[in-house]
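Reader: I should like to understand how the terms used for a protein model are justified. May I put some questions to you?

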Amino acid sequence: MTSTEQSVLDAAYMARALELARKGVYSTHPNPRVGCVIVKDGAIVGEGWHVRAGEPHAEVHALRQAGDKAKDGTAYVTLEPCSHHGRTPPCADALVNAGVARVVAAMQDPNPDVAGRGLLRLMNAGIAVQSGVLEGEARALNKGFLKRMEHGLPYVRVKLAMSLDGRTAMASGESQWITGPQARSAVQRLRAQSSVVLTGADTVLADNARLTVRPDELGLNAELTALASTRPPLRVLIDGRLRVPLDGPFFKAGSALVATCAAASARGRYHDEGHEMLALASSGGHVDLRKLLTELAARGVNDVLVEAGPKLAGAFTRLGLVDEFQLFVAGKFMGSSARPLLDLPLAQMSEALELKIIEMRAVGDDWRVIAIPAPHPGV
């Protein structure tokens, strides 16, 4: 077999491993999504994916399925096999003990507990190792995990729903529903994929928002719906002055974390109701958003979905804390008196925030635009 033919096969098997890894998009938090395929004599003999933290990793599931056929085979894994004892034994050791001849990884693990040690363990055992096959796709699958490991911050998505004229609510505050059912189902899936769904007091008070995941609106098959339902995201409320009543719909919908600038003496009231209060130093009289994100990352949060009004969404944007905007655009005009998309006062065209649109597609009768902040010149 030529090297080109081998490269084509490697990419095909890694693509299958990535397909398996994506099945964990709703359930692996705080772990990365990982898939594994084991090949022997040109045939797949074992497959596996990581389902949830504390349970066997993808390699273990694939090795169990392969059994004795794993010996002298090739393992394709979307992330470097772990080499340390965490909640489960090292996957690198499992591959060595199974007698595989070759391991192909999509990328090295940025976790400092692994960081090349897994591949080194395999090489020291005489196993042929290759890394970097479909690395871009593997990184895209675990943006939040990678950002937390590499920068100590979660990956922040801001979800916004607007009319064609860029409005998010009428002047009265009325905003339900701007978009149709298919777009709302897509938002439910975004929530279910996130470690945290974050909002502000204004949104909760104006809309009686709960920000829960509604399984019947996910539009997933039974297996994925069940997985999404067993790991709901943590709901985080930014309420600097503790304006949202504890007996309101938001708190009655389940446990939540409240980030505030108010005195920590109120913590007991929230704890008694099954919630947590996090008192943070203020920045200009508001909760310090960067400190909040740093705290969430320290707790293992990979992905944050911000669903908030123009003030809070604008604050995240102005501070350069947004990694990705998810814009749902409805085919309607709401008029010049309606509320704008972002509270982002700019005076000159040179101050405009440049975005790179990476995806645009129809979602029912609406449109979904995914955009990321464009890098500044020279960066």
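The following exchange sets values from the structure against the definitions of the terms.

Author: This is a predicted model, in which local features need pLDDT of at least 70, side-chain atom pairs count only at pLDDT 80 or more, and totals for chains, interfaces and linings use all residues. Residues are numbered from 1 along each chain as its sequence is written, and side-chain values use heavy atoms, with hydrogens and water left out.

Reader: Why is Val244 called buried or exposed?

Author: Buried means under 20% relative accessible area, exposed over 50%, and partly exposed in between (1.4 Å probe, protein chains only). Val244 has a relative accessibility of 5%, and therefore counts as buried.

Reader: Where is Val244 found, and what is it in contact with?

Author: Val244 is in the loop between strand S9 (234-238) and helix H10 (249-252). Helices (H or I, at least four residues) and strands (E, at least two) are DSSP runs, numbered from the N terminus. Contact means heavy atoms within 4.5 Å. Leaving aside neighbours within four places in sequence, the contacts of Val244 include Ala201, Leu237, Phe251 and Tyr270.

Reader: Why is Ile357 called buried or exposed?

Author: The relative accessible area of Ile357 is 51%, so Ile357 is exposed. Ile357 lies in strand S17 (residues 355-363).

Reader: How do you know on which side of H3 the buried residues lie?

Author: In helix H3 (residues 91-98), the buried residues are Cys91, Ala92, Leu95 and Val96. They cover an arc of only 145° around the axis, so they are on the same side of H3. The arc is that of the directions from the helix axis to the C-beta atoms. Among the elements that cover these buried residues are helix H2 (58-66) and helix H4 (117-124). After H3 comes Gly99, with a positive phi near 80°.

Reader: What makes a nonpolar core, and which residues touch the most other members of the largest one?

Author: A nonpolar core is a set of buried Ala, Val, Leu, Ile, Met, Phe, Trp, Tyr and Cys residues joined through side-chain atoms within 4.5 Å. In the largest core, of 48 residues, those touching the most other members are Met14, Ile38, Tyr76, Leu95, Val100, Val103 and Leu122. Helix H1 (residues 3-21) gives the largest share of this core, six residues. Another core, of 34 residues, lies apart from it and has Leu293, Leu296, Phe325 and Val329 among its members.
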